[in-house]
Amino acid sequence: HGQGYTDLNFLIPELVEYLDYKLGVYHPEVGDFGSAGAAEFHLVRRLARPFASAGGGSNGLARVAAGGSMRVSNGDFLLAGEAKGYNGPWDLPEKVRKFSGVARYSWGGGATRFSLLGLAYHNKWSADDQIPLRSVASGSISRLGQIDSADGGNSQRYSLSGTMHHAGRNSAQDVELFAIYYDLSLFSDFTYFLTDSVRGDQFNQRDHRVILGGNLKHVQPVEAFGVGHLLKLGLQTRADFIDGSGLFHTQKQIRIGTVRQDDIREWGSGVYAELESRWRPWFRSVLGARVDGYLFKVSSDLAANSGHNSAGIVSPKASLVFTPSARSEFYLSGGFGFHSNDARGTTITIDPGSGAPAQRVDPLVRSRGAELGLRLSPISGLRTTASLWALNLNSELLFTGDGGATEPSAASRRSGVTIANFYRPIPQLAFDLDVSFARARFSGVAAGQEHIPGALENVVAAGITWSPVRSGLFGAVRLRHFGSYPLIEDNSVRATADNVVSADAGYLLAAGLRIQATVLNLFNSKADDIQYFYTSRLRGESAAGVDDVHFHPIEPRQVRASLVYGL
């Protein structure tokens, strides 16, 4: 993948201080892949006291984590680590062996603060990839089985970042510089014997990159037209140096052929501005825009697919917010965003698999979104947000089973309604209920082929949480519901809906010791984490293969227990 892989496994949960969510295309500081929104994970700078956690559970789970802070000179030095092993419930043990570490030094006082953060992560595993429904129905494998026992992977990530925050008399500045080394080798087999009836279709996706980048932000109040404004200006840049990114044909994780291999240089930079203006006590506006430019350079093992490309895009955004009372707020937002396509697709001329001519993709794909919403707090402790939204993309990215990757497809239109509720009647008790309904369709395609495979149509997330003020019993119960959704464009095959309930309970001692037990998939639901519909071939089947649902089941009910001190 030209943009890399989504991988949050390097995070140690105990060190996440808070998450900052931004929904929609209305935030100028969010650039590439920010059409639906973004989430930022903020890590702690210091720990009030050392912590240690030890836990275990079903299917060979064992995990330990520990960390602490100390004063060094005029700053705080934080050091923490995690080790985890897990086999999972699968017929083939997963054999996860994960190690993570964090070191952070934060210093400064008064107007200026600095931080230097280092992260390290290494993981290795075996994988039970998605399996065809027909194999389970025939009894040849169980729901927890696999077709190719040699799937798996290994990954490592090391990063160093430095930040500075300066709060002056009339303005504030943030500076961030970062460097990341990332390496991933992933072995998968989705079609089994469709393309190679003797050696099988296992393939290796290889990603090896160094990322360098930085972010600058300036925030300043200004006066104009007789009212106060808050001005934000920013610059973001990132360069990816990718060597040997490739797709290889393998058998039992041994390479037996190269589909393609490329060295990629991708550099993207964006500048943005936002002006928040409070025109009346009950009305404010937020106007913004960003300008992004990208450079792509691909050196391919097939010379015809090498080349350069560049692209730029402008994305204006706006929100109008009305606050008629202290307990209500009405808003209207709209804007433009974008996502980049795989750098290799911007220079391709020949399909490396088939040798046929290939169509180049647009480097940057436009998105357009709008939202109409209402926030209410009718009684103390209750917050409700209801929104109507729409999102259009000039091109979708769809999963392809035979390549294990994504490819651009037709434009799309999405719309929906989301209702989010949070209620805390007393300090110890909280209820939450989020419900979302969505409609997703392709644009400009043949009649009857408009459904977008994999696009969720309804989602429910709900929970009840009891938290002691200082010590005592605590617990929570959570529900996740995914409704049925299309697996193929004509909607003739749909995914099965799923409902999964999980719960935990424990006791918090005043001394900072916590004992906790967790039950995942409390009612042992036979739901699936993923479901796709495509063609695969098992041994003994015809060369054309069989169209079938391929799925990966959620893990059966399991119990976990942990002992935590200091958090």
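Mentor: Start with a definition: two strands count as paired if DSSP finds at least two bridges between them. Keep in mind that this model is predicted.

Trainee: Which residue in E14 is the bridge partner of Tyr272?
Mentor: Look at the strands. Strand E13 covers residues 254-280 and strand E14 covers residues 283-300; they pair in the antiparallel sense over 18 bridges. In E14, the partner of Tyr272 is Arg290.

Trainee: How many residues lie between E13 and E14 in their hairpin?
Mentor: E13 and E14 pair in the antiparallel sense. They form a hairpin, and the number of residues between them is two.

Trainee: Which residue in E15 stands opposite Val298?
Mentor: E14 also pairs with strand E15, residues 307-325. The two run antiparallel, joined by 16 bridges. A hairpin of six residues connects E14 to E15. Opposite Val298, in E15, stands Gly307.

Trainee: What holds paired strands of a sheet together?
Mentor: Strands can pair parallel or antiparallel. In either case they pair through backbone hydrogen bonds.

Trainee: Which strands are the edges of the open sheet of three strands?
Mentor: The order of this sheet is E8-E28-E27, with antiparallel pairing. An edge strand pairs on one side only. That describes strand E8 (131-132) and strand E27 (528-536).

Trainee: Which residue in E28 is the bridge partner of Gln531?
Mentor: E27 and strand E28, residues 546-553, pair in the antiparallel sense. They do so over eight bridges. Gln531 has its partner in E28: Phe551.

Trainee: Which element gives the largest share of the largest nonpolar core?
Mentor: This core has 15 residues. Leu15, Leu47, Leu78, Val102 and Leu119 have the most contacts inside it. Two elements give two or more residues: strand E5 (75-86) and strand E7 (112-126). The largest share, three residues, comes from E7.

Trainee: What does Leu78 touch, leaving out residues up to four places away in sequence?
Mentor: Leu78 is among the residues with the most contacts inside the largest core. Its contacts include Val44, Arg45, Arg46, Gly68, Ser69, Ala103 and Arg104. The others are Leu15, Leu47 and Val102.

Trainee: How many residues are in the second, separate core?
Mentor: This core includes Val298, Ile313, Phe338 and Ala343. Val298 also stands opposite Gly307 in E15. The residues in the second core number nine.

Trainee: Is Ser245 buried or exposed?
Mentor: Ser245 sits in strand E12, residues 227-251. Among the residues it touches are Arg206, Asp207, Arg260, Asp262 and Arg344. Its relative accessible area is 1%, below the 20% cut-off, so Ser245 is buried.

Trainee: What is the phi of Gln253?
Mentor: Most residues other than glycine have a negative phi. Gln253 lies in the loop between E12 and E13. It is partly exposed, at 36% relative accessible area. Its phi is positive, near 65°.

Trainee: What is the relative accessibility of Asn521?
Mentor: Asn521 also has a positive phi, about 55°, although it is not a glycine. Its place is the loop between strand E26 (513-520) and E27. Asn521 counts as buried, with a relative accessibility of 3%.

Trainee: Which element gives the most to the nonpolar patch on the surface?
Mentor: Leu320, Phe330, Leu332, Leu372, Leu374, Leu376 and Leu388 form the patch, with about 530 Å² of accessible area together. Strand E16 (328-340) and strand E17 (364-376) each give two or more residues. With three residues, the element that gives the most is E17.

Trainee: What is the relative accessible area of Leu376?
Mentor: Leu376 belongs to the nonpolar patch. It is found in strand E17. Leu376 is partly exposed, with a relative accessible area of 34%.

Trainee: What distance separates the C-alpha atoms of Asn392 and Ala440?
Mentor: Asn392 lies in strand E18, residues 382-393. It counts as partly exposed, at 24% relative accessibility. Its contacts include Arg366, Ser367, Ser412 and Arg414. Asn392 and Ala440 are 48 residues apart along the chain, and their C-alpha atoms are separated by 9.4 Å.

Notes: Residues numbered from 1 in each chain as written. Predicted model: local features only at pLDDT ≥ 70, side-chain atom pairs only at ≥ 80, totals over all residues. Heavy atoms only, no water. Core = buried A, V, L, I, M, F, W, Y, C linked by side-chain atoms within 4.5 Å. Buried < 20%, exposed > 50% of the residue type's maximum accessible area, 1.4 Å probe, protein only. Helix = DSSP H or I, 4+ residues; strand = E, 2+ residues; numbered from the N terminus. Contact = heavy atoms within 4.5 Å. Patch = residues over 30% accessible without salt bridge, like charges linked within 9 Å, V, L, I, M, F, W, Y side chains within 5 Å. Areas by Shrake-Rupley, 256 points an atom, 1.4 Å probe, with all protein chains shown as cover. Salt bridge = Lys/Arg side-chain N within 4 Å of Asp/Glu carboxyl O.
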